[in-house]
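Trainee: Please take a close look at one part of this model, the packing between helices, and connect it with the loops and the core. Plain detail is enough.

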Amino acid sequence: MALRPVGPDQEPPRPSPLERARATALRARTQTERRARRLLRRQLTRARSADSELLQRAYVLGRQGARAAVNTVTHRQVGWVATLWGARWLDGTSYEIRGWAYERGYGHTSPPRVEVVVARRGGTRLRVRADVTSVHEMEVNAFATQGEFDYANTAFVARVDLAAVLADEDPRPWQVHVRVTGADGRTASGTLKYRHRASSALMLGARTFPGGVQVVPRWVRWRGLFFARVVPPALAREVGIDGREVRAEVELRGIGAERVELVSRYARRPVDVDRRDDGVLRLRAKVPETWVVLPTEADLLAPETEEGALDSQAPGPRAAAEEDGSEAAAEEAGSEQSDTTTAAGPDDAREGQRGVAQTYRVVVVDTHGTEHVVATALDQEMPVQARGSGLLAYAGSGGALYLADPRSHLVVTGTEIEPGEAPRVRLRGTWGGELEHLDLTFAGRRQVLPAAVELRPDGTWEAGVDLLQPRWGGPARLPRTGSYALLGRDSSGGSVRVMAAPDVVARTPQKLPVEQARLRWEIGKGRSLRLRVGLTRAADELGSFHQRRMDAAYLAGPHEPQRSVYLESFYGRLATCNPHALDAVIAREHPDWVRYWGVTDLSVPVPEGAVAVVEGTQAWFDARARSRFVIANDWLRRRFTPQPFQTVLQTWHGSMFKRIGLDRPNADASTREALVRERDKWDVLLSQNHHSTEIFRSAYAWEGVFYEEGYPRNDALAGGSGEQIRERLGIRPDQKAVLYAPTWRDNAAGMVVFLDLERLTADLGDDYVVLLRGHSRTVGHGRSVDLPGVVDVTTYPHITELFLAADALITDYSSVMFDYSVTRRPMIFYVPDLDEYRDDVRGVYFDLGEEAPGPVVATQEEVVTALREMDDTHRYAERYARWVERFNHLDDGHSAERVVARLFEGA
């Protein structure tokens, strides 16, 4: 539909009847297509998981036929999986490729024969065959989202001699092709489609040969890995650094230089040039600091999921391949390790600006105005450094010369692992710049691993990191799953550039021999070093194929009952809440029963004497299948099926202000269907009070057994003390601790914080400290807040202990309002989006303004006022008393004892 221009004083024209009819028809067609796709996916899913072998076979044959037809007509390589896991140069013209290749829907009982060929594009017969070795790689299954077979035996290591590419003066590139042949003779072939974005597969690295000719590996979107013979028009052969000055000798081929510049994201710097008679340019440039206005620092780390680490080669709108431009982005220090070095002080003329460490390329502008990026012969050599200088010169992934100008830097030249019961990582390298003190850490989204580092006067350093770390005063545990970037900070808090040396990059992804967890070295933006902590699963437990295999065995049964209890809290992300309180009573009164805790990873501490079973392991399936009692505080989800001998106690995790289950106004048919399936797995439902009992009857259409006994997790609040907890959190006795605990939002993935915490702590002053507690569903999004006067306690195990430590609570719609009231301490309800939340997002069960035992406010200024007046408890005394009588009359310190007695009665 064409758009007519509208003048500033004109009202938008109303569409004509024909335009409205076309728009209506377009919407109807779109909705019909969407419904058809949804119906097709649903039918295919049912066919794939049907009990009928005939129907399953028909599905497989139909899918295979469809794939073959699409591939024949469009060359889209549907169903073909070929992944570049790692790549590196060996000696001379030898190049190594690590990866795997298979056709989805076809497995191999023995390793297939893999052929790797590098062939020149353009229909020629020039090709080089690689020497290929088959290997067994469990990570193949980790990335197979719907693996129907065990594909671990499809991995390979290929070594190819690129001498023919070096000798070929034809400008057309050479492309990598892979062919897989099974024992039954079936073959599948194609190009590489995916690559690991946090490894040497991203930093491919060029090599320079005599005569200044380079062989450059390139990843081309939608086409895979290519090799090109390149004769760079400008090649730097000598590079040196002295303080803040860089010098280089650049050989020109076929171009005349008008000028030379250093070019970065924020700056262009002129370069002094001396021209020699032999055509070589002698470059000399002083590199000043760059100051810019930046609103915020960028996000720290890459996505948590391992699947997010593969770079897709999905077909796009263009038929021709084009480079994805990843080299320049990857070489920037950027968001990976914070390129922001330091902020200007309050008395500095540059107040409000930040010094930014640039990453420059050297550009020659010829007499026609064309820019040529200077290449370098540094290749896989160590970066050029100088004592006392923060500057670094090194070869980029595509062979370009890069110059980084941080105030100080570290280069990681070696990594070692000390395995055993207390595994430890050791690092070493070189350093340069202005460093008197260094804080070195492996930083994740929600956890930091500190390193003990030694800076030596000779420009070298060493560091050690214990992989078992205590958190919040608890036992030493492995880190949470995720990616941890090695970050450095100097004595002023400015960032220190951390870069992995080329030989360290070439080894990534590198597995670490630690039995307790799946660990590997990876690299990130700016060649930063990362520690990847993967799910703690064995080779025969990793990936969708093995998960489905164990699922099927679990469902098939039968299972022998065991005198054990399986407990789970918040899907295994924590071992807390009501199940934790019940565990303590079970351990005391029934010590002969085994207590299993389902956890997402081994970083989750479980109660003393309990057995942690990691989700998706065989031990996890066995614990769920054999335990006489199953206790959970949230949905057990589709992977749980109650056994005939089991009693399932659903404790839930809070009384209700916001609507839940079937009471939600936006619950669609599929949600309602899933809710009913989940409800039917429960035998007993625990309720904190009669208010919750009545809501459960409607929200889950529950007609089963209720235990209306108060909340076990609140037993600790009856007469408990928060002194030790405050000391653990660093709260002074004279400070007032304010717990800010907003709930999660259905319309937002991460934590929604309406308060400006920096301004809040400034307004309140040093007499207050804010404890920020994100909801358990937001832990995997964003990262911990690091602000003066704020302690991010989102990952603190027990919120009940935070209740004891806090002098007041700020919340919105969270169920913590029904638990914190056991303490009788002040509560403030900060609800700037109350109308939207009540009417559009979730809905509520009662009028908070009429019932709340504390001020209900909508602005930050009102929050500050309420906090300063929180010692005046008379205003809300009557409301608070009614609230406690209604919601907390059963929270008397003995709830867990009553629940366990009823549960084990007759056991």
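Mentor: Contact here means heavy atoms within 4.5 Å. On that basis, among contacts in the protein chain with a separation of 6 or more, 67% are between residues 24 or more positions apart. This is a predicted model. The chain has 907 residues, and 54% of them are buried. Its secondary structure comprises 21 helices and 53 strands.

Begin with helix α8, residues 544–556, and helix α10, residues 618–626. Their axes lie 11 Å apart and make an angle of about 20°. Angles under 35 degrees count as roughly parallel, and α8 and α10 are therefore roughly parallel to each other. The crossing of α8 over α10 is right-handed. On the α8 side the contact involves Gln547, Met550, Asp551 and Tyr554, and on the α10 side Gln618, Phe621, Arg624 and Ala625. Sorted by class, the residues of this contact are 4 nonpolar, 2 polar and 2 charged.

Following the chain from α8, one comes to the loop between α8 and β41, where Pro558 is placed. The peptide bond from Gly557 to Pro558 is cis, and its omega is near -10°. Strand β41 covers residues 562–568. The loop between β41 and α9 contains Phe570. Phe570 has a positive phi, near 50°, although it is a residue other than glycine. Is Phe570 buried or exposed? The cut-off for buried is under 20% relative accessible area; Phe570 has 12%, so it is buried.

That loop leads to the next pair, helix α9, residues 577–589, and helix α21, residues 895–904. Here the axes come within 9 Å and cross at roughly 65°. The crossing of α9 past α21 is again right-handed. From α9, the contact takes in Ala581, Leu582, Val585, Ile586, Arg588 and Glu589. From α21, the partners are Ala896, Glu897, Val899, Val900 and Phe904. The contact of α9 with α21 is made up of 8 nonpolar and 3 charged residues, with no polar residue.

A third pair consists of helix α14, residues 757–764, and helix α19, residues 860–868. Their packing angle is about 35°, and the axes are 11 Å apart. α14 and α19 also have a right-handed crossing. Arg759, Leu760, Asp763 and Leu764 of α14 are in contact with Gln860, Glu861, Val864, Leu867 and Arg868 of α19. The class count for the contact of α14 with α19 is 4 nonpolar, 1 polar and 4 charged residues.

Now the core. The largest nonpolar core has 94 residues, and the members that touch the most others are Leu649, Ile660, Tyr700 and Leu729. Outside its neighbours within four places in sequence, Tyr700 is in contact with Trp635, Trp652, Ile660, Leu662, Leu675, Arg679, Trp682 and Ile695. A second, separate core has 44 residues, including Ile417, Ala463, Ala501 and Val514.

One of the contacts of Tyr700 is Trp652, which sits in the loop between β45, residues 647–650, and α11, residues 669–679. Trp652 has a phi near 55°, a positive value in a residue other than glycine. Its relative accessibility is 7%, so Trp652 counts as buried.

Another loop with a cis bond lies between α7, residues 502–507, and β38, residues 510–512, and holds Pro509. Thr508 and Pro509 are joined by a cis peptide bond with omega of about -5°.

As a last site, take Pro270, which is in strand β16, residues 268–270. The cut-off for exposed is over 50% relative accessible area; Pro270 has 66%, so it is exposed. Leaving out neighbours within four places in sequence, the contacts of Pro270 are Val260 and Ala285. Pro270 and Val363 are 93 residues apart along the chain, while their C-alpha atoms are separated by 9.9 Å.

Technical notes: Residues are numbered from 1 along each chain as its sequence is written. This is a predicted model: local features need pLDDT of at least 70, side-chain atom pairs count only at pLDDT 80 or more; totals for chains, interfaces and linings use all residues. Side-chain values use heavy atoms; hydrogens and water are left out. Axes are lines fitted to C-alpha atoms, for helices over the stretch in contact, and angles run from 0 to 180 degrees between N-to-C directions. Helices (H or I, at least four residues) and strands (E, at least two) are DSSP runs, numbered from the N terminus. Angles under 35 degrees count as roughly parallel, over 145 as roughly antiparallel, 65 to 115 as roughly perpendicular and the rest as oblique. A crossing is left-handed if the near helix is turned anticlockwise from the far one by less than a right angle, and right-handed if clockwise. Ala, Val, Leu, Ile, Met, Phe, Trp, Tyr, Cys and Pro count as nonpolar, Asp, Glu, Lys and Arg as charged, and the others, Gly among them, as polar. A nonpolar core is a set of buried Ala, Val, Leu, Ile, Met, Phe, Trp, Tyr and Cys residues joined through side-chain atoms within 4.5 Å. Buried means under 20% relative accessible area, exposed over 50%, partly exposed in between (1.4 Å probe, protein chains only).
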